[in-house]
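Trainee: I am new to this model. Can we go through it in short questions and answers?

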Amino acid sequence: MPEGHTIHRAARLQRRRFAGAVLQVDSPQGRFDAGARMLDGRELLGVDALGKHLFHRWEGDVSVHIHLGLFGKFKVFTDVGRAPAPSDGVRMRWRGDVGVMYLSGPTACEIIDPDAEEALRARIGPDPLAVRNGDADRVVTTLARRRAPIAQLLLDQAVVAGIGNVYRAEFCFLAGIDPRRPANEVSSDDALALWEMSIRLMTIGERIGRIVTVDPAEVGAAKPGDLVRGDRLYVYKRAGQPCRRCATPVRSAMLASRRVWWCPTCQPG
DNA sequence: GCTGCATGATGAA
DNA sequence: TCATCCTGCAGCA
């Protein structure tokens with residue numbers, strides 16, 4: 001499910017499997033009929049991701065913008081003959097010699113022109129999975145200037161791109177910061193630590209395809225991929241359960257209409 | 001079968 | 001801050 005690591009992983013896997021292939025494109029659901037007709041029979045040239053946005057580059061200078069939103073999913077089937085029938089909700093389908101891909105539930109699936117793409121990219125902040133020079137400074141500076149709760153800003157895609165509700169709660173835990181603390185009261189060292197852990201942990205998430213923030217050594221595992229469900233996160237959705245570090249019950253609250261979790265002892269206000 | 005919820009984001013008020 | 005859109009699935013009757 002879709003935080004930035006999911007999108008970047010999807011982009012990488014789609015690139016590997018489908019780039020260079022001529023694809024049959026349609027929209028079983030019908031809501032992308034016009035776009036699908038335009039793409040049908042073209043070669044997919046490339047796939048790239050920025051934050052939670054993904055772009056498909058097609059032969060003939062056509063780009064498609066995808067945003068999975070909360071519900072969107074890509075499903076890829078390697079064995080063309082054995083791909084299941086698409087569900088009613090499949091917005092876009094690809095079929096080719098190399099595989100089959102179904103996209104369902106996206107917030108956005110649209111042909112995008114260069115100007116619109118440029119405008120979109122301009123409002124996306126630094127992406128921990130696509131780091132550029134100056135990104136760390138930009139994030140630290142932005143956080144230092146804003147009074148909104150730190151956890152709220154970590155979800156703001158103009159501030160940092162790709163972090164979602166799971167990672168933001170986990171990063172605040174690992175930094176020892178109460179998620180409700182105003183961002184301008186977070187030290188620049190802590191802000192930098194948040195940025196650097198987002199790079200480290202989201203990179204792991206992109207590689208293994210799931211969110212793991214718990215240090216494997218803490219639960220006697222060798223690597224993040226070995227952690228079982230239930231051991232992978234410190235605070236997300238663990239309200240009332242004991243903190244893994246200090247046993248204090250994990251708390252939760254709504255923050256700008258999204259729920260956030262934290263340990264009141266490890267994350268003092 | 002129905003209800004509510006979920007790792008997201010937007011536009012109106 | 002609220003309503004709305006997007007889909008699938010767990011939990012319940």
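Trainee: Which residues of S7 are buried on the one side, and which on the other?
Mentor: This is a predicted model. In a regular strand, side chains alternate between the two faces of the sheet. Both faces of S7 are covered. Gly 99, Met 101 and Leu 103 are buried on one side, and on the other Val 100, Tyr 102 and Ser 104.

Trainee: How many residues of strand S7 are buried?
Mentor: S7 spans residues 99–104. Buried means under 20% relative accessible area. The strand is mostly covered, and the count of buried residues is 6 of 6.

Trainee: Which residue in S7 stands opposite Phe 74?
Mentor: Strand S5, residues 73–77, pairs with S7. The two are antiparallel, with 5 bridges. Opposite Phe 74 in S7 stands Leu 103.

Trainee: And which residue in S7 stands opposite Arg 95?
Mentor: Strand S6 covers residues 90–96 and runs antiparallel to S7, joined by 6 bridges. S6 and S7 form a hairpin with 2 residues between them. Opposite Arg 95 is Val 100.

Trainee: How many residues of strand S3 are buried?
Mentor: S3 runs over residues 53–58. Under 20% relative accessible area counts as buried. S3 is mostly covered, with a buried count of 5 of its 6 residues.

Trainee: What is the bridge partner of Val 47 in S3?
Mentor: Strand S2, residues 44–50, pairs with S3 in the antiparallel sense. There are 6 bridges between S2 and S3. The partner of Val 47 is His 56.

Trainee: What is the bridge partner of His 56 in S4?
Mentor: S4 is the strand of residues 62–67. S3 and S4 run antiparallel and are joined by 6 bridges. In S4, His 56 is partnered by Val 64.

Trainee: Which residue takes a positive phi in the hairpin of S3 and S4?
Mentor: Start with the hairpin of S2 and S3. It has 2 residues between the strands, and Gly 51 in the turn has a positive phi of about 55°. The hairpin of S3 and S4 has 3 residues between its strands. There, the residue with a positive phi, near 90°, is Gly 60.

Trainee: Which side chain has an N or O atom 2.5 Å from a phosphate oxygen of DNA strand C?
Mentor: The residues around strand C include Phe 71, Ser 87, Ser 104, Gly 105 and Thr 107. Arg 91 has a polar side-chain atom 3.5 Å from a sugar or linking oxygen of strand C. For a phosphate oxygen of strand C, the distance to the side chain of Arg 31 is 2.7 Å. The side chain at 2.5 Å is that of Gln 29.

Trainee: What share of the atoms of DNA strand C within 4 Å of the protein belongs to sugar or phosphate?
Mentor: The surface near strand C has 1 nonpolar, 5 polar and 2 charged residues. On the DNA side, the atoms within 4 Å of the protein are split between bases and sugar or phosphate. The sugar or phosphate share is 56%.

Trainee: What share do sugar and phosphate have among the atoms of DNA strand B within 4 Å of the protein?
Mentor: 18 residues surround DNA strand B, and the closest are Lys 52, Phe 71, Gly 164, Tyr 236 and Arg 258. Of the DNA strand B atoms within 4 Å of the protein, sugar and phosphate make up 64%.

Trainee: Which residue has a polar side-chain atom 2.9 Å from a phosphate oxygen of DNA strand B?
Mentor: For Glu 3, the 3.2 Å distance is to a sugar or linking oxygen of strand B. Arg 123 has a polar side-chain atom 3.1 Å from a phosphate oxygen of strand B. At 2.9 Å the residue is Lys 52.

Trainee: Which helix gives the largest share of the lining of the largest cavity?
Mentor: The cavity holds about 30 Å³ of space. Its lining has 7 nonpolar, 1 polar and no charged residues. H4 (135–145) and H7 (188–208) each supply at least two lining residues. The largest share, 3 residues, comes from H7.

Conventions. Residues are numbered from 1 along each chain as its sequence is written. Chains are lettered from A and ligands numbered from 1 in the order in which they are written. This is a predicted model: local features need pLDDT of at least 70, side-chain atom pairs count only at pLDDT 80 or more; totals for chains, interfaces and linings use all residues. Side-chain values use heavy atoms; hydrogens and water are left out. A residue is near a molecule or strand if one of its heavy atoms lies within 4 Å of it. A polar contact is a pair of N or O atoms within 3.5 Å; within protein, one must be able to donate a hydrogen and the other to accept it, and residues adjacent in sequence count only if both atoms are side-chain atoms. Ala, Val, Leu, Ile, Met, Phe, Trp, Tyr, Cys and Pro count as nonpolar, Asp, Glu, Lys and Arg as charged, and the others, Gly among them, as polar. Buried means under 20% relative accessible area, exposed over 50%, partly exposed in between (1.4 Å probe, protein chains only). Helices (H or I, at least four residues) and strands (E, at least two) are DSSP runs, numbered from the N terminus. Two strands pair if DSSP finds at least two bridges between them. On a 1 Å grid over the protein atoms alone, a cavity is a set of points where a 1.4 Å probe fits but cannot get out, and a pocket is an open set with protein on both sides within 12 Å along at least five of seven lines; lining residues have an atom within 4 Å of a point. Grid points are joined across faces, edges and corners, and a volume is the space filled by probe spheres set on the points.
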